[in-house]
Amino acid sequence: MNGHAEHLLGHPTRVDGITAEYIALESHYVAHTYHPLPVVLCEGRGAWVSDVDGHEYLDCLAGYSALNFGHAHPALVAAAKEQLDRLTLTSRAFHHDLLGEFARDLAHLAGMDAVLPMNSGTEAVETALKLARAWGYRRKGIPPDKATIIVMHGNFHGRTIGIVGFSDDPLVRTDFGPYPPGFRAVPFGDAEALAAAIDEQTAGVLLEPIQGEAGVIIPPRGYLQAVRELCTRHHVLFIADEIQSGLGRTGRTLAVDHEGVKPDVLILGKALGGGILPVSAVLANWDVMGVLQPGEHGSTFGGNALACAVGLAVVRLLETGEFQDRATVLGRRLARGLAELRDEGLTDIRARGLWAGIDVDPALGTGRDLCEALLTHRVLAKDTHGRTVRLSPPLVVDAADIDFLLDGLRAALGDLRAARR
Ligand SMILES: *Cc1c(COP(=O)(O)O)cnc(C)c1O
């Protein structure tokens, strides 16, 4: 939605002057749990950000989908500013005048009865797991401490000890054990393997309808429906983690909408906070949500007034359907353009809405190499699992931005090829 593409002059130099100073400072005082690209951002508007040296970039990561509505969306910033002057936090010890409204409108948007508000995505996933276990004991009658949750190979649900315990990514889990028991992993996209793993002690099946960190892995058509049928037949909760896939990213409000299925427990996060603050939520109908009683779960900040004001503004944006439509239409343009680049050094392309995972031919380099090359063409993106680059521009991009991304990608692949020669 803005025409920066035409105004870009010259190429940013890699780590120069002030950028190098900022990076050195950060590296001196901040734990080394990330390996950021060498760019220091200080401003963002819509799909574009600028760095401390004055260069502009198209943001094609969008905070891992936390920025679905772009940087500084006017309606979201206005909602936050207005609320900042009114009331920000009460704790749940008291009521405040926005929580009910936020929960009602979010529940309506998602087609669920009730909302349990949290902050980070990880917390919401932990919350959903507690809810599913409690449901398993209190409704399904699973013997004490015997409940299991089935998860998927390649999953990413966050970073707590409980969650990394059932990850199969060694980088994420090694040396953080011992881990809580009660989880069992099956291959993603394989309904038969899931059917074989379900037994009387299964309380829930937890999955990402499209696996994000794994590299935008889209399951075979019909898989989510099969999961829904298995869960219904065996009286097991279908828990959908839509923290990254939800809220317009795939062209629908939820990724499960593509198969017309409704999970029993829905987890939202990232874009729910409008890129302004962490807001997450677990949603379910009352037959499930009703198992939790006062005192059994909570969070000091969960459902705070500022979060509700921003979350409400996010729901308002999604109610229009505009962003879902943009993701669909521009997603087609992105997918078409990516398909044309296949022979330039991509070995696989997976896309749904404005969300794509592209695999770089190992002969050309790694995903990180491609991201560094993209940076010099003013496109910000992030690699995942070695050879994959995830593209998830804000849903406020326009057609010219998509073309800018595609041109940058073509040029970056060209750079990688030239470097090999
Ligand atoms: C990002 C993400 C999480 C974790 O969310 P945080 O806000 O980083 O704690 C969980 N599940 C999925 C699918 C995610 O993409």
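These legends describe close-up views of a predicted model.

**View 1. The largest pocket of the model has a volume of about 1,100 Å³.**
Its lining is made up of 42 residues. Those that lie nearest the centre of the largest pocket are Tyr 34, Tyr 64, Phe 156, Arg 159 and Glu 213. Sorted by class, the lining has 18 polar, 14 nonpolar and ten charged residues.

**View 2. The largest pocket lies between two domains.**
Domain 1 covers 5–66 + 323–419, and domain 2 covers 74–319. Both domains give residues to the lining of the largest pocket, so the pocket lies between them. Four elements each give two or more residues to this lining: helix H2 (62–65), helix H5 (121–140), helix H7 (170–173) and strand E14 (382–384). The largest share comes from E14, with three residues.

**View 3. The second largest pocket holds about 850 Å³ of space.**
This pocket is lined by 27 residues. Tyr 34, His 35, Pro 36, Leu 37 and Val 39 lie nearest its centre. Helix H1 (17–29), H2 and E14 are the elements that give two or more residues to the lining of the second largest pocket. By class, 16 of the lining residues are nonpolar, six are polar and five are charged.

**View 4. Four strands form an open sheet with mixed pairing.**
The order of the strands is E1-E2-E3-E13. Strand E1 (41–45) and strand E13 (379–380) stand at the edges of the sheet. Each of these two has a single partner strand, so one side of each is left without a neighbour in the sheet. E13 runs parallel to strand E3 (residues 56–59), and two bridges join them. In one bridge, Leu 58 is partnered with Val 379 of E13.

**View 5. The ligand is shown with the residues around it.**
These residues include Ser 120, Gly 121, Thr 122, Phe 156, His 157 and Gly 158. Also among them are Glu 208, Asp 241, Ile 243, Gln 244 and Lys 270.

**View 6. Thr 122, Phe 156 and Asp 241 each place a polar atom by the ligand.**
For Thr 122, a polar side-chain atom lies 2.5 Å from an oxygen atom of the ligand. For Asp 241, an N or O atom in the side chain is 2.7 Å from a nitrogen atom of the ligand. Phe 156 takes part through its backbone: a polar atom there is 3.5 Å from a nitrogen atom of the ligand. Phe 156 is also one of the residues nearest the centre of the largest pocket.

Notes:
Residues are numbered from 1 along each chain as its sequence is written. This is a predicted model: local features need pLDDT of at least 70, side-chain atom pairs count only at pLDDT 80 or more; totals for chains, interfaces and linings use all residues. Side-chain values use heavy atoms; hydrogens and water are left out. On a 1 Å grid over the protein atoms alone, a cavity is a set of points where a 1.4 Å probe fits but cannot get out, and a pocket is an open set with protein on both sides within 12 Å along at least five of seven lines; lining residues have an atom within 4 Å of a point. Grid points are joined across faces, edges and corners, and a volume is the space filled by probe spheres set on the points. Ala, Val, Leu, Ile, Met, Phe, Trp, Tyr, Cys and Pro count as nonpolar, Asp, Glu, Lys and Arg as charged, and the others, Gly among them, as polar. Domain bounds come from an automatic or database domain assignment. Two strands pair if DSSP finds at least two bridges between them. A residue is near a molecule or strand if one of its heavy atoms lies within 4 Å of it. A polar contact is a pair of N or O atoms within 3.5 Å; within protein, one must be able to donate a hydrogen and the other to accept it, and residues adjacent in sequence count only if both atoms are side-chain atoms.
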